[in-house]
Amino acid sequence: MCGIVGYLGKRQAAPVLIEGLYQLEYRGYDSVGIAVFDGKKLRVVKKTGLVREIETARQAVGRVGIGHTRWATHGDVTVENAHPHTYGNIALVHNGIVENAAKLREECEERGEAFYSDTDSEVIAHLIAAEYHGDLLEAVIRACGKIVGSYAVAVFCEDEPERLVCARMRSPLIVGRAKEGLVVASDIPAAAEEGAVLYSLEDGEFASLSGDEIFICNAAKSKIKKEPIEFSEEGRADLGAYRHFMRKEIDEIPVVLRDSREEIARNFCFSDFCKVLCQTEYIQIVACGTAYHSGLCFQAALERVCRVPADVFIASEYRYMDPIVRKGTLLIAISQSGETADTLAAVRLAKRRGAHIAAVVNVKYSSLARLADTVLFTQAGREVAVAATKSFNAQLMVLYLIVAAMASIKGKRSPTLKGFESKAARAIAAGEAVQSWVPYFAGAKSAYFIGRGEDMCVALEGSLKLKEISYLPSEGYAAGELKHGTLALIEPYTPVVAVLMRRDIAEKTMNAVHEAYSRGASVFLVTCFEEYCGGKEITASVLLPKCPPVFSPILSVIPLQLLAYYTSLARGNDPDKPRNLAKSVTVE
Ligand code: F6R
């Protein structure tokens, strides 16, 4: 993870770097730092915590600099481990993991070089310094040749103060021309401004920025010509009147559903892709976290509506289980960021073994979008809060549109997806009632989410959301499995949320509700069936609009997203920036 920025031009670098880092905070916020060259000396300011910790460094004078916001992988969260790292005349910011760092560091130490941090990144500064003989680009290329792992780096050398050099290997990086200068950044919003022209680097590419020139090349220094990428400045994070991005993003769900549906309607490959899917021998789905839960919902709908089997894999497991990729396998990777390292690794493996790769992805210029043979974009817009909300709903919309299209090709009846936008707006309004549930959750030791079928997939997502932003231990569970062990954990007042959107199994889920209630649990219900809301075993409920049960996760997840948000607030947390997490998990 981590976010890197660089600036070289006519403006003061520090404010540009700091503004860029605010836009990249979603990539990590354990610690932060910038280095600005004032014409004589390189000034480095590093702090643990959020970008705001270095606000005073805005005053730093100098027209060239680099910056970093960190999500710790190697080494604790300390000022020493924060970037930029310097060695000799070299200063560097790095996003990625140097897998052979220990060996490289040993070699440096044998030469008598001292290290000041526990990071793998510092070793890159040493490698570059050792390779530097008057040409920074040459030194960076040579140093990168020794690194095993992933990196996006921006490098400054005091001997060439009018230049920045960067390199990319499996960590995103863009370079470009912005207002009165040249920029480097991990992601578009950190560099997007009116009139900017941005280019995305590919793995194994390097860029040298100096004066007004951007020279992009490969390791042999052969020039690479690039088309600028399209971007919109709207992608910049803006809270408007909201306190938190997460709450704002939940309110955006209806619009995101509409935009995603319209995007698919415009995608001229969509119906051909669905025809191919109908004839596919073996469908595999890979994803992580919330996107994995979308995959589970998709699998349930594919099987129930189209009678097409599919296997869903946690991406980080897929690559280490020697997966069977039969002839005719089509692998669908689901990801908001398109940069999740585990998902990308699974995709690369499946591709090597001959699978056709389709991606359902939100970020246009992401690595996943570029790797896939077929791409279906969700239109969730920029999601800033670390906890995924609207991107989940958007993924479900796109995945369910696939299900509906496949059903029609196969001559089967599919429920409609019409009207989900307005139903989602009603679900948000109804979901606000969860604020009255919060006292039961805020002080609890643990919480449970139960359901059957697609309701269980939503229970898993509700539990993940609560854990990640409220830090309350919780489990999502198949309602029928409770009695096979987990029921032992239910104590008086343990909060249990039951999701109940399918009439045919409602009574069965209610059995689990009775079992939990009899052990003293406080049971909360998310349902579209009014008749289940009033029972003595239900402490409180959210009544959702009726919808086709197989697509109901689009709605039933909304109260659970809100519950996580309000519980997080009640526990004094920042819902947008949960501890230990980052939005884009670009390390394995
Ligand atoms: C949870 C969350 C994560 C992501 C996961 C995959 O709220 O945000 O679990 O869903 O890291 O990320 P993407 O979808 O970017 O591949």
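A polar side-chain atom of E468 sits 2.4 Å from an oxygen atom of the ligand. That's a good place to start a walk through this predicted model. Taken alone, the ligand exposes 400 Å², and the protein buries 90% of that.

**Around the ligand**

E468 has company. S335 also puts a polar side-chain atom by a ligand oxygen, at 2.6 Å, and S337 offers a polar side-chain atom 2.6 Å from an oxygen of the ligand. There are 14 residues around the ligand, and the ones that come nearest are S335, Q336, S337, T340 and E468.

So much for single residues; now the elements. Two helices, α8 (289-306) and α15 (454-470), each supply at least two residues of the shell. Of these, α8 gives the most to the shell, with three residues. By class, the shell around the ligand splits into six nonpolar, six polar and two charged residues.

**The pocket that holds it**

Where does the ligand sit? Its home is the second largest pocket, which has a volume of about 520 Å³. The lining of this pocket runs to 27 residues, and C288, G289, T290, K583 and V585 are the ones nearest its centre.

Several elements chip in here. At least two lining residues each come from α8, β16 (329-335), α10 (341-352), α12 (390-409) and α15. Helices α8 and α15 thus turn up again, having each given at least two residues to the ligand shell. The pocket lining divides into 12 nonpolar, 10 polar and five charged residues.

**Closed spaces**

Apart from the pocket, the model has two cavities of 30 Å³ or more. The largest cavity holds about 80 Å³ of space and is lined by 15 residues, with C2, R70, T73, D120 and S121 lying nearest its centre. Strand β6 (residues 90-98) has the largest share of that lining, at three residues.

The second largest cavity encloses about 50 Å³. Among the residues that line this cavity are V5, G6, Y7, V16, L17 and G20, along with V183, V184 and A185. The elements giving two or more residues to this lining are β1 (3-9), α1 (13-24) and β10 (181-185).

Here's how the linings and the ligand shell break down by residue class:

| Site | Nonpolar | Polar | Charged |
|---|---|---|---|
| Shell around the ligand | six residues | six residues | two residues |
| Lining of the second largest pocket | 12 residues | 10 residues | five residues |
| Lining of the largest cavity | five residues | eight residues | two residues |
| Lining of the second largest cavity | nine residues | two residues | no charged residues |

Look at the bottom two rows together: the largest cavity has eight polar and two charged residues in its lining, while the second largest cavity has nine nonpolar residues and no charged ones.

**Two backbone spots**

Two bits of backbone are worth a look as well. Which peptide bond is cis, with omega near 0°? That would be the bond from H83 to P84. P84 itself is found in the loop between β4 (64-70) and β5 (85-87).

The other spot is R307, a residue other than glycine whose phi is positive, near 55°. R307 lies in the loop between α8 and β15 (310-314). That brings us back to α8, the helix that gives the most to the ligand shell.

Note on methods. Residues are numbered from 1 along each chain as its sequence is written. This is a predicted model: local features need pLDDT of at least 70, side-chain atom pairs count only at pLDDT 80 or more; totals for chains, interfaces and linings use all residues. Side-chain values use heavy atoms; hydrogens and water are left out. A residue is near a molecule or strand if one of its heavy atoms lies within 4 Å of it. A polar contact is a pair of N or O atoms within 3.5 Å; within protein, one must be able to donate a hydrogen and the other to accept it, and residues adjacent in sequence count only if both atoms are side-chain atoms. Accessible areas come from the Shrake-Rupley method with a 1.4 Å probe; for residues, only the protein chains shown count as cover. On a 1 Å grid over the protein atoms alone, a cavity is a set of points where a 1.4 Å probe fits but cannot get out, and a pocket is an open set with protein on both sides within 12 Å along at least five of seven lines; lining residues have an atom within 4 Å of a point. A molecule sits in a cavity or pocket if more than half of its atoms lie within 2 Å of its grid points. Helices (H or I, at least four residues) and strands (E, at least two) are DSSP runs, numbered from the N terminus. Ala, Val, Leu, Ile, Met, Phe, Trp, Tyr, Cys and Pro count as nonpolar, Asp, Glu, Lys and Arg as charged, and the others, Gly among them, as polar. Grid points are joined across faces, edges and corners, and a volume is the space filled by probe spheres set on the points.
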